[in-house]
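This report describes the fold, the strand pairing and the nonpolar core of one protein chain. The sequence and structure are shown first, and the description follows.

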Amino acid sequence: MSVFEYLDVRVSAALASVFAEPAHLHPRLSAQYAERAVDPDRAEVTVHGIFSAGPGQDDLRGQARGGQMSGTTKLGSTAAEFWIARAQVDALTTMPAKGDMITLTSRAGSPIYAISGVHHTDMGDLNLILVREDDVS
């Protein structure tokens, strides 16, 4: 193990010990034109990671001719992510996938999110990009 890998393990453990929270991962099947259903081949698990959400802003790009466009349209949003350290990722029996559901069990109301993207880092961590779900079947 290189010095950098050693330091990454130590820093990840320190961050997780302070900021990590439990979340329940519900694997789901996704199919076009069908409601997401429970994936019977992957078990539900509890994972520990760091949730973050903050304001996001995107520019809506369009076509403009000459001076017809006097300003830029902005779209306000919230960016939500759930980071899982390599040690936790290595302990998982199945990997999270796009469309899976994650419930933040330690927060008031246990908010529910769908995973819209799974990003693997060079160090073996996972960063799950989340979107809020209003209705759960």
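## Strand pairing and core

Ile115 has Leu130, in strand 8, as its bridge partner. This pair belongs to a predicted model, in which strand 7 and strand 8 are joined in the antiparallel sense by seven bridges. Five residues lie between the two strands of this hairpin, and Gly124 there adopts a positive phi near 95 degrees. Strand 8 is also antiparallel to strand 5, with five bridges between them; here Trp83 is partnered by Asn127 of strand 8.

The two pairings of strand 8 are set side by side below.

| Strand pair | Sense | Bridges | Bridge partners |
|---|---|---|---|
| Strand 7 and strand 8 | antiparallel | seven bridges | Ile115 and Leu130 |
| Strand 5 and strand 8 | antiparallel | five bridges | Trp83 and Asn127 |

Leu130 also appears in the largest nonpolar core, which comprises 17 residues; Leu130, Val47, Phe82 and Ile102 are those with the most contacts inside it. At least two residues of this core come from each of strand 1 (21-26), strand 4 (45-60), strand 5 (73-84), strand 7 (112-120) and strand 8 (126-132). Leaving aside residues up to four places away in sequence, Val47 touches Glu21, Pro22, Ala23, Phe82, Ile84, Gln88, Leu92 and Ile102.

The protein chain as a whole contains two helices and eight strands, in the order α-β-β-β-β-β-α-β-β-β from the N terminus. Buried residues make up 31% of its 137 residues. Of the contacts between residues at least 6 apart in sequence, 56% link residues at least 24 apart. The exposed area of the protein chain is about 9100 Å², with 53% supplied by carbon and sulfur atoms.

Note on methods. Residues are numbered from 1 along each chain as its sequence is written. This is a predicted model: local features need pLDDT of at least 70, side-chain atom pairs count only at pLDDT 80 or more; totals for chains, interfaces and linings use all residues. Side-chain values use heavy atoms; hydrogens and water are left out. A nonpolar core is a set of buried Ala, Val, Leu, Ile, Met, Phe, Trp, Tyr and Cys residues joined through side-chain atoms within 4.5 Å. Buried means under 20% relative accessible area, exposed over 50%, partly exposed in between (1.4 Å probe, protein chains only). Helices (H or I, at least four residues) and strands (E, at least two) are DSSP runs, numbered from the N terminus. Contact means heavy atoms within 4.5 Å. Accessible areas come from the Shrake-Rupley method with a 1.4 Å probe; for residues, only the protein chains shown count as cover. Two strands pair if DSSP finds at least two bridges between them.
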